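Okay, hi everyone, let's get going. I'll put the structure up and then talk you through it, starting from single residues and ending with the pockets.

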Amino acid sequence: FKDLKAETKEEIKEGKEKIKMIKEERKEKLQDVREMMKKEREAYKDVKEKHKDLREGYHKETDDLKKLKSEAMKCKDTDEGCKSKKDDVKKGVRMHLTKTIDLIDSSVARLKARVEASATLSAEEKIQALGDIDGLQTKLTMQKDAVVALEANANVTNEELKTAVKDLKKTWEEVQKAQKRIIAGMINAENSHAADKHKEYG
């Protein structure tokens with residue numbers, strides 16, 4: 001009977017040590033996850049700040065371009081310096097296209113950082129969202145190359161610029177639709193997570 005009692009005590013002791021080890025492992029894993037989440041949140045914060053600065057620059061660029069267009073519309077072809085003003089508008093449009101691409105690119109990077117920092121999206125949902133974002137970034141890179149080629153061309157025609165503006169507008173609309181879809185998915189995941197937690201505590 002003493003042997004059985006001693007054996008049982010030993011088993012209980014071993015069991016307690018195993019539980020202690022498991023708890024320590026979980027604690028370490030939780031700490032690692034928290035560290036990773038903290039880094040991802042900080043990365044998201046940085047991307048968000050950069051995007052804000054880009055957006056402010058974009059709006060200033062837009063206002064400057066409107067002024068240039070207004071001045072060019074008022075001048076007559078017979079006026080001295082009118083051609084120069086119209087050339088400034090073309091140059092302004094090319095620069096504006098570049099700023100717009102940078103802003104869209106920054107917006108997509110911000111969304112990517114937000115998805116990566118999400119604690120509520122499942123692994124499959126993250127993979128799906130990041131795959132969609134990579135597709136958008138590929139499209140944007142192609143668009144950026146086209147805009148860079150336009151910017152390098154000093155003899156670009158008004159038609160080429162109009163086409164570039166239309167293409168960029170279409171791309172921006174696609175990006176906005178994809179962003180809305182991904183953000184809606186994230187909100188649904190957050191709501192589902194909150195509902196599960198509520199049930200758990202209820």
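**A walk through the helices**

Let's start with Lys 23, which is exposed, because its relative accessible area is 58% and the cut-off for exposed is over 50%. You'll find Lys 23 in helix H1. Before I go on, please keep in mind that this is a predicted model. Now look for Arg 181: it sits 158 residues away from Lys 23 in sequence, and the two C-alpha atoms are 39 Å apart in space.

So what does the protein chain as a whole look like? The chain has 4 helices and 0 strands. Reading from the N terminus, the order of elements is α-α-α-α. H1 covers 2-74, H2 covers 82-117 and H4 covers 158-201, while H3 takes residues 123-152.

Now turn the model around on the screen. Along the principal axes, the C-alpha atoms fill a box of roughly 115 × 25 × 25 Å. The radius of gyration is 28 Å, where a compact globule of 202 residues would come in near 17 Å. As for the surface, the accessible area of the chain is about 15200 Å², and carbon and sulfur atoms own 54% of that.

How much of the chain is buried? Buried residues make up 24% of the 202 residues. And here's one about contacts: take the ones with a separation of 6 or more, and 79% of them are between residues 24 or more positions apart.

**Some more residues to click on**

Go to the loop between H1 and H2, and you'll land on Glu 80. Is Glu 80 buried or exposed? Glu 80 is exposed, because its relative accessible area is 84%, and anything over 50% gets that label. From Glu 80 to Glu 124 is 44 residues in sequence, and 63 Å in space from C-alpha to C-alpha.

Next up is Asp 145, in helix H3. Asp 145 is exposed too, with a relative accessible area of 52%. Its partner for our distance check is Thr 98, 47 residues away along the chain, and their C-alpha atoms are separated by 10.0 Å.

Now for a residue on the other side of the cut-off. Ser 107 belongs to helix H2, and it counts as buried because its relative accessible area is 17%, with the limit for buried being under 20%. What does Ser 107 touch, if you skip residues up to four places away in sequence? The answer is His 51 and Gln 179.

Arg 114 is also a resident of helix H2. With a relative accessible area of 29%, Arg 114 is called partly exposed. Leaving out neighbours within four places in sequence, Arg 114 makes contact with Tyr 44, Ile 183 and Met 186. If you want a distance for Arg 114 as well, try Asn 188: the two are 74 residues apart along the chain, with 15 Å between their C-alpha atoms.

**Pockets**

Okay, last part: the empty spaces. If you roll a probe the size of a water molecule over the atoms, you see where empty space is left.

The largest pocket has a volume of about 720 Å³. Its lining takes in 22 residues, and the ones nearest the centre are Leu 65, Lys 69, Val 93, Leu 161 and Val 165. Which helix supplies the largest share of that lining? That would be H4, with 9 residues. H1, H2 and H4 each put in at least two. Sorted by class, the lining of this largest pocket has 11 nonpolar, 4 polar and 7 charged residues.

The second largest pocket has a volume of about 190 Å³. You've already met some of the residues around it: its lining includes Ser 107 and Arg 114, along with Tyr 44, His 51, Gln 179 and Ile 183. Trp 172 is also one of the lining residues. Here H2 gives the most, 5 residues, and H1, H2 and H4 each supply at least two. By class, the lining of the second largest pocket splits into 5 nonpolar, 4 polar and 2 charged.

To wrap up, go back to Ser 107 on your own screen: it is buried, it touches His 51 and Gln 179, and those three sit together in the lining of the second largest pocket. That's my tour, thanks for listening!

Definitions and conventions. Residues are numbered from 1 along each chain as its sequence is written. This is a predicted model: local features need pLDDT of at least 70, side-chain atom pairs count only at pLDDT 80 or more; totals for chains, interfaces and linings use all residues. Side-chain values use heavy atoms; hydrogens and water are left out. On a 1 Å grid over the protein atoms alone, a cavity is a set of points where a 1.4 Å probe fits but cannot get out, and a pocket is an open set with protein on both sides within 12 Å along at least five of seven lines; lining residues have an atom within 4 Å of a point. Grid points are joined across faces, edges and corners, and a volume is the space filled by probe spheres set on the points. Ala, Val, Leu, Ile, Met, Phe, Trp, Tyr, Cys and Pro count as nonpolar, Asp, Glu, Lys and Arg as charged, and the others, Gly among them, as polar. The radius of gyration is taken over C-alpha atoms; the globule rule is 2.2 Å times the number of residues to the power 0.38. Buried means under 20% relative accessible area, exposed over 50%, partly exposed in between (1.4 Å probe, protein chains only). Contact means heavy atoms within 4.5 Å. Accessible areas come from the Shrake-Rupley method with a 1.4 Å probe; for residues, only the protein chains shown count as cover.
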